[in-house]
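Biologist: Before I get back to the bench, could you walk me through the aromatic rings and the DNA surface here? I'll interrupt as we go.

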Number of protein chains: 2
Amino acid sequence: MEDTRTRILLAAGELFAERGFDGASAREICERAGVNIAAINYYFGTKEALYVEAVKAAAPLFRAEALFEGREMEADTRSPAQLLADYIRLMLEHMIGQETPAWKMKLIMREMLEPTPACEAFFHQHVLTNFRHLLRILEGLLPGGIPEYRKYQIALSIVSQCTHYRAAGKLLEKIIPPELRPQFSVDHLARHITEFVFSALGLRSSFVDQWRAGKLDCGGYADALALDRNVKSE
Amino acid sequence: MEDTRTRILLAAGELFAERGFDGASAREICERAGVNIAAINYYFGTKEALYVEAVKAAAPLFRAEALFEGREMEADTRSPAQLLADYIRLMLEHMIGQETPAWKMKLIMREMLEPTPACEAFFHQHVLTNFRHLLRILEGLLPGGIPEYRKYQIALSIVSQCTHYRAAGKLLEKIIPPELRPQFSVDHLARHITEFVFSALGLRSSFVDQWRAGKLDCGGYADALALDRNVKSE
DNA sequence: TTGCCTTTCAATCGTTTGTTTCATACAATC
DNA sequence: GATTGTATGAAACAAACGATTGAAAGGCAA
């Protein structure tokens, strides 16, 4: 039955994400899946092969290509600023959104922290294409003369802010006071990070004004948080 | 001999950081330490107790108090901007600097990603005090009327950029082209992140000008990277 | 029914795990 | 020199691990 294979893969993904490769025993995986221990050997061969399949099942989430799904690359009328805003929101949705299964992103973050030899090449390619997408978006925003390393630094400053909320997830739950937690939803964080990045890039005169005026769509917010209206202006 | 205990603790710290609690076997730890297996029981009781000791040995690194070492809190003449610049640099030095043992920060990041029940309370307290230090620095920079959640968002945007270079360390080595790698030293990153954050906070008119004029010390840099001089100005 | 192939199951394989035991070696104290 | 407390070492403990086996069960065509 194909259903058995799927159940194993799901249970394995959840447990691998929760406790890592060594922490999740084959017996517990099969117990959660409600199948016999031998099934993991029958369908996947070894536990390691099962792990690779679980990572491969989770990795497609981590794609910036989703930004362009349903659109033609050339016919895309979005401004570079809107593209960056969409990118940030897409990342955050994957990180802390409810739609995508939590275990998939957990497993991917685990693979980022310490790459498994079995998944290394495959996974590296996935992350690299995603990162290059962001670099291309930035090239539309930044002037041509900007040195290459600066693009990398800026890109990493952007992705780090997004990934941090899953990387340090358990810890943040305890650091952030409960009454402040509503301000750390996908919507709120997407708005904050986008505004933070735009402001850092000195794009306030044009893009952030559009942003504030509601001409850029990101999370359906209309009101402005007015970052630098509150900031000390000397 | 006290030396044996120390050797075990060091070997355990390195191996726990490398492969996690489950991945590092007690036999391998003792083999690396050059002691008998029974020594881990003799000095620490259980493997778990040894892990706790290893984390406790590594955690003191993660302190913002180091910013003020050798100074009197009240007599500190540094401006809030300089304090933030120092904070960023201190974090980065701990993350990717050569002075502090790499395994200590690896172990701490591992504990951040998935807190061990044994270390949870102890570790939480450590991170929290560090985070509150950053919040206090920000309060000196930002106006009084700014909402609390904004301070948290900004603080997290800052720490995420610093921690990211260790959290995704192995992966970044493959993403960043070799010829660009010199630009990702502690000095270069401290400068980039500080400037990125200052610019984002709208502190360009005062602090960043001082920064560019070399009046703020951070990493000994004198030349300006001139972020927004390169940025498209429409 | 019969035969055949796929799937599931209980039982067990050889390792490796963390932990413990007991005997020994060392150094200091009486 | 005998004794005591500390430290180390080789061996073995039960338990859990991943992997495998051979038999049983199920479905399906002939």
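**Aromatic rings and the DNA surface**

Modeller: Both F196(A) and F196(B) are buried, and please keep in mind throughout that this is a predicted model.

Biologist: How many aromatic pairs are there over all chains?

Modeller: Searching the whole structure gives 13 aromatic pairs over all chains. One of them is formed by F21(A) and Y51(A), which meet edge-to-face, with 5.3 Å centre to centre and 80 degrees between the planes.

Biologist: Which parts of the chain does that pair link?

Modeller: It links distant parts of chain A, since F21(A) belongs to helix α1 (residues 2-23) and Y51(A) to helix α4 (residues 47-58), and the two are 30 residues apart.

Biologist: Is Y51(A) buried or exposed?

Modeller: Y51(A) counts as buried because its relative accessible area is 4%, which is under the 20% cut-off. F21(A), with a relative accessible area of 28%, is partly exposed.

Biologist: And back to the two F196 residues, what do they form?

Modeller: F196(A) and F196(B) form a tilted aromatic pair, with 6.4 Å centre to centre and 50 degrees between the planes. This pair crosses between chains, running from helix α10 (residues 186-200) of chain A to helix α10 (residues 186-200) of chain B.

Biologist: Which residues form one aromatic cluster?

Modeller: F16(A), F21(A) and Y51(A) form one cluster.

Biologist: Okay, what lies over the face of F21(B)?

Modeller: That is K47(B), at 4.5 Å from the ring centre of F21(B). In chain B, K56(B) also lies over a ring face, that of F122(B), at 5.5 Å from the ring centre.

Biologist: Changing topic to the DNA, which residues come nearest to strand D?

Modeller: There are 15 residues around DNA strand D, and the nearest of them are R27(A), K47(A), T4(B), Y42(B) and Y43(B).

Biologist: What does R27(A) lie close to on the strand, base or phosphate?

Modeller: A polar side-chain atom of R27(A) lies 2.8 Å from a base nitrogen of DNA strand D. For T4(B), a polar side-chain atom lies 2.5 Å from a phosphate oxygen of the strand, while A26(A) places a backbone N or O atom 2.8 Å from a phosphate oxygen.

Biologist: Which element gives the most to that surface?

Modeller: α3(B) gives the most to the surface near DNA strand D, with three residues.

Biologist: And how do the residues of that surface divide?

Modeller: They divide into seven nonpolar, five polar and three charged residues. On the DNA side, 55% of the strand D atoms within 4 Å of the protein belong to sugar or phosphate, and the rest to bases.

Notes. Residues are numbered from 1 along each chain as its sequence is written. Chains are lettered from A and ligands numbered from 1 in the order in which they are written. This is a predicted model: local features need pLDDT of at least 70, side-chain atom pairs count only at pLDDT 80 or more; totals for chains, interfaces and linings use all residues. Side-chain values use heavy atoms; hydrogens and water are left out. Rings of Phe, Tyr and Trp (its six-membered ring) pair if their centres lie within 6.5 Å; planes under 30 degrees apart count as stacked, over 60 as edge-to-face and the rest as tilted. Helices (H or I, at least four residues) and strands (E, at least two) are DSSP runs, numbered from the N terminus. Buried means under 20% relative accessible area, exposed over 50%, partly exposed in between (1.4 Å probe, protein chains only). A charge sits over a ring if NZ of Lys or CZ of Arg is within 6 Å of the ring centre and within 35 degrees of the ring normal. A residue is near a molecule or strand if one of its heavy atoms lies within 4 Å of it. A polar contact is a pair of N or O atoms within 3.5 Å; within protein, one must be able to donate a hydrogen and the other to accept it, and residues adjacent in sequence count only if both atoms are side-chain atoms. Ala, Val, Leu, Ile, Met, Phe, Trp, Tyr, Cys and Pro count as nonpolar, Asp, Glu, Lys and Arg as charged, and the others, Gly among them, as polar.
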